[in-house]
Amino acid sequence: MKNHKKNTKKPIRNFFEDVYEVVRLVPKGRVTTYGAVARYLGTAMSARMVGWAMNGAHSEKNIPAHRVVNSQGLLTGKHHFRTPIAMQKALEKEGTKVSHDKVVEFQKLFWDPAAELL
DNA sequence: GACATGACGGCAG
DNA sequence: CCTGCCGCCATGT
């Protein structure tokens, strides 16, 4: 029999789900990074996948993707929002200061799931 | 099936 | 300080 079912045992769904959950748990006024989330999920070296997961986050409007920035605290993904300023606006609205597409005192507002949820 | 791309990160030069 | 390269996984062509 042609079982070319390809074993769709890919727990990717789990990966995405985890990303959504973690991002959703990010406290208001705080920010996290792709690398931190990736590390928490076990894909430390594949921070890219986290960003990819955010792509699906658009379906889940409950995902505060604006609280997720890169390791430099830069709003690299702002171009994927409804408008390139939506991300900054959302952050400022929550009390997070943003200057030149970068989170002010990002290190201080940094929220590491691997450490906070430990 | 192979190649190229992508919301990243870290290291080397 | 800046530029370039690799790694990692999934998706699209």
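Show the molecular surface of chain A: its accessible area comes to about 8,100 Å², and 51% of that belongs to carbon and sulfur atoms. Keep in mind as you look around that this is a predicted model.

**The whole chain**

Switch to the cartoon view and follow the chain from the N terminus. You will meet six helices and four strands, in the order α-β-α-α-β-α-β-β-α-α. Now colour the chain by burial. Of the 118 residues in chain A, 36% are buried. Contacts tell you how the chain comes together: among those between residues at least 6 apart in sequence, 65% join residues at least 24 apart.

**Stop 1: helix α4**

Select residues 86-93, which make up helix α4, and show their side chains. Which residues of this helix are buried? They are A86, M87, A90 and L91. Turn the view until you look down the axis of α4: the buried residues fall within an arc of 130 degrees, so they line one face of the helix. A general rule helps here: an α-helix has 3.6 residues a turn, so residues three or four places apart point the same way.

Next, find what the buried face of α4 packs against. Select β2 (68-69), β3 (98-99) and β4 (102-103), and you have its partners. Then turn to the face of α4 that points away from the buried side, where you will find the exposed residues K89 and K93.

**Stop 2: just past α4**

Move on along the chain to G95, which follows α4 and has a positive phi, near 105 degrees.

Now select T96, in the loop between α4 and β3. Is T96 buried or exposed? Its relative accessibility is 1%, so T96 counts as buried. To see what surrounds T96, leave aside its neighbours within four places in sequence and show its contacts: G29, R30, V31, L91, V103 and L109. You have already met L91, one of the buried residues of α4.

**Stop 3: N70 and its loop**

Select N70, which sits in the loop between β2 and α4. N70 is counted as buried because its relative accessibility is 11%. Follow the side chain of N70 to the backbone nitrogen of L74, which it reaches at 2.8 Å. Beyond residues up to four places away in sequence, N70 also touches T33, Y34, T76 and F106.

**Stop 4: the salt bridges**

Side chains of opposite charge can pair when their charged atoms come close. How many salt bridges does the structure hold? There are three, and you can visit each of them.

Begin with E94 and R67, whose side chains meet in a salt bridge at 2.7 Å, N to O. E94 lies in the loop between α4 and β3, while R67 lies in the loop between α3 (47-57) and β2, so this pair ties together parts that are 27 residues apart in sequence. Check the burial of each partner. E94, at 19% relative accessibility, counts as buried, and R67 is buried too, with a relative accessible area of 10%.

Go next to D101 and K78, where the closest N and O atoms of the salt bridge are 2.6 Å apart. D101 is in the loop between β3 and β4 and K78 is in the loop between β2 and α4, so the pair ties together parts that are 23 residues apart in sequence. Here D101 is partly exposed at 28% relative accessibility, whereas K78 counts as buried at 14%.

Finish this stop with K108 and E105, whose side chains meet at 3.1 Å, N to O. K108 is exposed, with a relative accessible area of 54%, and E105 is partly exposed at 46%.

**Stop 5: a nonpolar patch**

Bring the surface back and select L25, Y40 and L117. What do these residues form? They make a nonpolar patch on the surface, with about 260 Å² of accessible area together. Zoom in on L117, which lies in the segment after α6 (113-116). With a relative accessibility of 35%, L117 counts as partly exposed.

**Before you close the viewer**

Try one last view: show α4 with its two sides in two colours. Give one colour to A86, M87, A90 and L91, the buried residues, and another to K89 and K93, the exposed residues on the face turned away from them.

Technical notes:
Residues numbered from 1 in each chain as written. Chains lettered and ligands numbered in written order. Predicted model: local features only at pLDDT ≥ 70, side-chain atom pairs only at ≥ 80, totals over all residues. Heavy atoms only, no water. Buried < 20%, exposed > 50% of the residue type's maximum accessible area, 1.4 Å probe, protein only. Arc of directions from axis to C-beta. Contact = heavy atoms within 4.5 Å. Patch = residues over 30% accessible without salt bridge, like charges linked within 9 Å, V, L, I, M, F, W, Y side chains within 5 Å. Areas by Shrake-Rupley, 256 points an atom, 1.4 Å probe, with all protein chains shown as cover. Salt bridge = Lys/Arg side-chain N within 4 Å of Asp/Glu carboxyl O. Polar contact = N/O pair within 3.5 Å; in protein donor to acceptor, adjacent residues only side chain to side chain.
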